[in-house]
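Reader: Could we go through this structure together, beginning with its overall dimensions and then turning to the aromatic residues?

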Amino acid sequence: WRETGADRWAASVNEQVQLWTAYFENGSEDRVMRELIADGYKPEDREMTKQEEDIIYKVKLNEAENGTWAVFYCYPTEAAEGFGIELPVIADTFEIRK
């Protein structure tokens, strides 16, 4: 992994595999979820998913005291058996500290 920006990383073996975080200040999880649905994401179990061409985008939401943290990740469809399994595990390791 290499850092490609603030709170954003890309896999060194495939630049299309990315992981990033975003904070929605003063946004409840429901409000953020509605915004993501408007952007094309569909709720699935504990995460939301959308696909644009051959890239799958996923996001996990974590409500915090004054907003909602989101852990986003994406990978090409041909990497679903590899990074598609690995990235949700990595996203689950992110935690909110007060």
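Author: One definition comes beforehand: the radius of gyration is taken over C-alpha atoms, and the globule rule is 2.2 Å times the number of residues to the power 0.38. This is a predicted model, in which local features need pLDDT of at least 70 and side-chain atom pairs count only at pLDDT 80 or more, while totals for chains, interfaces and linings use all residues. Residues are numbered from 1 along each chain as its sequence is written, and side-chain values use heavy atoms, with hydrogens and water left out.

Reader: What radius of gyration does the protein have?

Author: The protein has a radius of gyration of 13 Å, which agrees with the value near 13 Å for a compact globule of 98 residues. Its C-alpha atoms fill a box of roughly 35 × 25 × 20 Å along the principal axes.

Reader: How many helices and strands are there?

Author: There are two helices and seven strands, in the order β-β-β-α-β-β-β-β-α along the sequence. Both are DSSP runs numbered from the N terminus: helices are H or I with at least four residues, strands E with at least two.

Reader: And how many aromatic pairs does it hold?

Author: The structure holds four aromatic pairs. Rings of Phe, Tyr and Trp (its six-membered ring) pair if their centres lie within 6.5 Å; planes under 30 degrees apart count as stacked, over 60 as edge-to-face and the rest as tilted. One of the pairs joins tryptophan 20 and phenylalanine 72, which are stacked at 5.4 Å centre to centre with 5 degrees between the planes. Tryptophan 20 belongs to strand β3 (residues 14-25) and phenylalanine 72 to strand β7 (residues 67-76), so this pair ties together parts 52 residues apart in sequence.

Reader: Is tryptophan 20 buried or exposed?

Author: Tryptophan 20 is buried, at 13% relative accessible area, and phenylalanine 72 is buried at 7%. Buried means under 20% relative accessible area, exposed over 50%, and partly exposed in between (1.4 Å probe, protein chains only).

Reader: How are the rings of tyrosine 23 and tryptophan 69 arranged?

Author: The pair of tyrosine 23 and tryptophan 69 is tilted, because the planes stand at 40 degrees, with the ring centres 4.8 Å apart. Tyrosine 23 is in strand β3 and tryptophan 69 in strand β7, 46 residues apart. Tyrosine 23 is partly exposed at 34%, and tryptophan 69 is partly exposed at 32%.

Reader: Which charged end sits over the ring of tryptophan 20?

Author: That of arginine 8, 4.1 Å from the ring centre. Lysine 50 lies over the face of tyrosine 57, 5.7 Å from its ring centre. The criterion is NZ of Lys or CZ of Arg within 6 Å of the ring centre and within 35 degrees of the ring normal.

Reader: Turning to the interior, which residues make up the largest nonpolar core?

Author: That core has 12 residues in all, including Trp20, Tyr41, Tyr57 and Phe72. A nonpolar core is a set of buried Ala, Val, Leu, Ile, Met, Phe, Trp, Tyr and Cys residues joined through side-chain atoms within 4.5 Å. Helix α1 (29-38) and strands β6 (55-64) and β7 each supply at least two of its residues, and β6 gives the most, with four. A second, separate core of 11 residues includes Ala11, Leu19, Ile56 and Phe83.

Reader: What is tyrosine 41 in contact with?

Author: Leaving aside neighbours within four places in sequence, tyrosine 41 has contacts (heavy atoms within 4.5 Å) that include Leu36, Met48, Lys50 and Phe72. Trp20, Tyr41 and Phe72 also form one aromatic cluster.
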